[in-house]
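Colleague: I haven't looked at this one before. Can you put it up and take me through it?
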Amino acid sequence: MRIEEGFQFDVPALPPCGAYASDPALQSLLARLIPPEHLPSIAQELHRFSRDLRGPISERVLACDGPTDVEPKLTQYDNWGRRVDRLWTSEGWRALKRVAAEEGLAEIFYARREGAASRLFGFAKTYIWSPDARLVGCPMAMTDGAARILELLGTPEIKDKYLSRLISRNPDVAYTAGQWMTERPGGSSVADTETTAVPLLTSSGKPKIGDAYALSGFKWFSSATDGDVAVVLARTGGPGNSGLSLFLVPMRDEAGQLNGIRVHRLKNKFGTKTLPTAELQLSNTVGYLLSPPGRGVASISPILNITRVHSAVVSVSGLRRALDIAAAHAQTRQIATGLLAENALHTATLARVEVLCRALLHLVFGVVHLLGLSETGRASEEEEERLRLLTPVVKAFAAGRATGGMEECLEACGGQGYMEETGIGRLIRDCMVERVWEGTQNVLALDMMRVLKKSKGRAMQILIEWAAPHIGTSTTALGLLHRAVQHADPPATLARPLLNLLGHVSAAASLGEHVAWVCAQGRPELEVEEEVRRRWVEDMGLRELEREVERVLQGKGGERDAEIVYGGLKRASKL
């Protein structure tokens, strides 16, 4: 039988109206969070952008997908034996970076035409764009973080020369930024940073912001290596965090040559294949001081907060696209009893993933809302505390849960889900990086514990007071959160279970907050929103999380962890 004969597939397709028009949960959420004077223009722009992603921008996306080899390439030496370190990226990658500039994916946050809602607007565009961005969202996240640092710390000269280009909508002049923090000794911990920085001009006066330094060292992970500038930690003093300072490093000098930088190699990664990530050698690389000497780690907090929120948005966005693909497949795939979408068991599986997606959406954009209030000076003291506490939580919780939901969507498409062309495999590979970039779940759980310790438990109490009216009958969870911060000497194994419980409770409270608003507004989606909230609280693992935290607080379990994992055998430290 010829392929043209016999059964023919009804090929599924994403809605032509675009991601915003086909996402009622996002529309309802933004209607609550964005002030009415800004909502119509923002909604109009999101509709336009969504349609363009299905139309003219889609050709640039396809240019990142082959059939030609689109992964970045490094040429270290030319044919005369000269070290050149030329980095090649695909035409599609470069075209999508131009789209990011033209669409203002950094500029929106700093023009602040929509006031505190500018963060909601910009991240809504990022949410819609991310599944099609082919990882261009990574340099845009770091560009956003670098822009915030320069806005807060930069001299007028640095702002004029660099900040203006980081937030430009003109793709011919717009810059993108990287961040070079990770080194071989420390991984997620920067305390053992080996890169050093010495002043280029010696003087008896105190170092000041904007002073030029020569940096020398080795950076182990530099994502978006094709950026124009990078924010870099280097040692200006003694050991530990207190000896580190923050610098702005241009990738090239005024003559267009690499600024004392050698690209050692490109990383061979599990996913994020279109994104150039490299190991870099710095040799008297010129950088400009951004922080007071020894205050580098304290000064990078705005970058970490912003990039962690970007990471969370990307995780939920990837899950949303995987769900859209699975739903489109179900509405076209014929099985013995009719359409797959008419099969109750299949629909129940997708409904469970949809509840997860909506819970994460409300949790993440609740934090985006707090970030916008904070940056515009409109956040209350309590909202600032919630933002500090929830930023590591939302990144870890969204990344950990979203990839599991994507796997369900792949399975829901059967064999076609496993095909590369369907797109879910790429989404899983690319979103898996969110579980490690800017901190693993364990690292972020420890960050959360530091916030709680620094606030002496007040941050948790503030969150409990916010959540209590919206979480319904789950008093057990709130009581456990309160008990956890009252523990005089919390077990080391408490951090991660507590983070997951806090993430689930905060998502439940965010959903409850939205239900109350929908009810007050008399909106037609009330019954669906109430059911989503109910299922998230009752059916999606909250009780299991409560039991896990309870076991740890009682000192149960964990005694034989090392024996279970390592078998009591001494393991070789080298491969």
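Colleague: What radius of gyration does the protein have, and what would a compact globule have?
Modeller: This is a predicted model. The protein has a radius of gyration of 24 Å, which agrees with a compact globule, because one with 575 residues would have a value near 25 Å. The C-alpha trace spans about 75 × 70 × 60 Å along its principal axes.

Colleague: How many helices and strands?
Modeller: The secondary structure comes to 21 helices and 11 strands.

Colleague: And what share of the residues is buried?
Modeller: Buried residues make up 52% of the 575.

Colleague: Which residues have the most contacts inside the largest nonpolar core?
Modeller: Trp-129, Phe-365 and Trp-536, in a core of 149 residues. Helix α11, residues 344-375, gives the most to this core, with 15 residues.

Colleague: What does Phe-365 touch, leaving out residues up to four places away in sequence?
Modeller: Its contacts include Leu-29, Leu-30, Leu-33, Phe-123 and Tyr-127. There is also a second, separate core of 18 residues, with Trp-180 and Phe-247 among them.

Colleague: Changing topic: how much space lies in the second largest pocket?
Modeller: About 1,200 Å³. The pocket is lined by 42 residues, and the closest to its centre are Arg-134, Glu-420, Glu-421, Thr-422 and Gly-423.

Colleague: Which helices each supply at least two residues of that lining?
Modeller: α2 (39-54), α3 (58-62), α10 (301-330) and α14 (424-432).

Colleague: What is the lining like by class?
Modeller: It has 17 nonpolar, 11 polar and 14 charged residues.

Definitions and conventions. Residues are numbered from 1 along each chain as its sequence is written. This is a predicted model: local features need pLDDT of at least 70, side-chain atom pairs count only at pLDDT 80 or more; totals for chains, interfaces and linings use all residues. Side-chain values use heavy atoms; hydrogens and water are left out. On a 1 Å grid over the protein atoms alone, a cavity is a set of points where a 1.4 Å probe fits but cannot get out, and a pocket is an open set with protein on both sides within 12 Å along at least five of seven lines; lining residues have an atom within 4 Å of a point. Grid points are joined across faces, edges and corners, and a volume is the space filled by probe spheres set on the points. Helices (H or I, at least four residues) and strands (E, at least two) are DSSP runs, numbered from the N terminus. Ala, Val, Leu, Ile, Met, Phe, Trp, Tyr, Cys and Pro count as nonpolar, Asp, Glu, Lys and Arg as charged, and the others, Gly among them, as polar. A nonpolar core is a set of buried Ala, Val, Leu, Ile, Met, Phe, Trp, Tyr and Cys residues joined through side-chain atoms within 4.5 Å. Buried means under 20% relative accessible area, exposed over 50%, partly exposed in between (1.4 Å probe, protein chains only). Contact means heavy atoms within 4.5 Å. The radius of gyration is taken over C-alpha atoms; the globule rule is 2.2 Å times the number of residues to the power 0.38.
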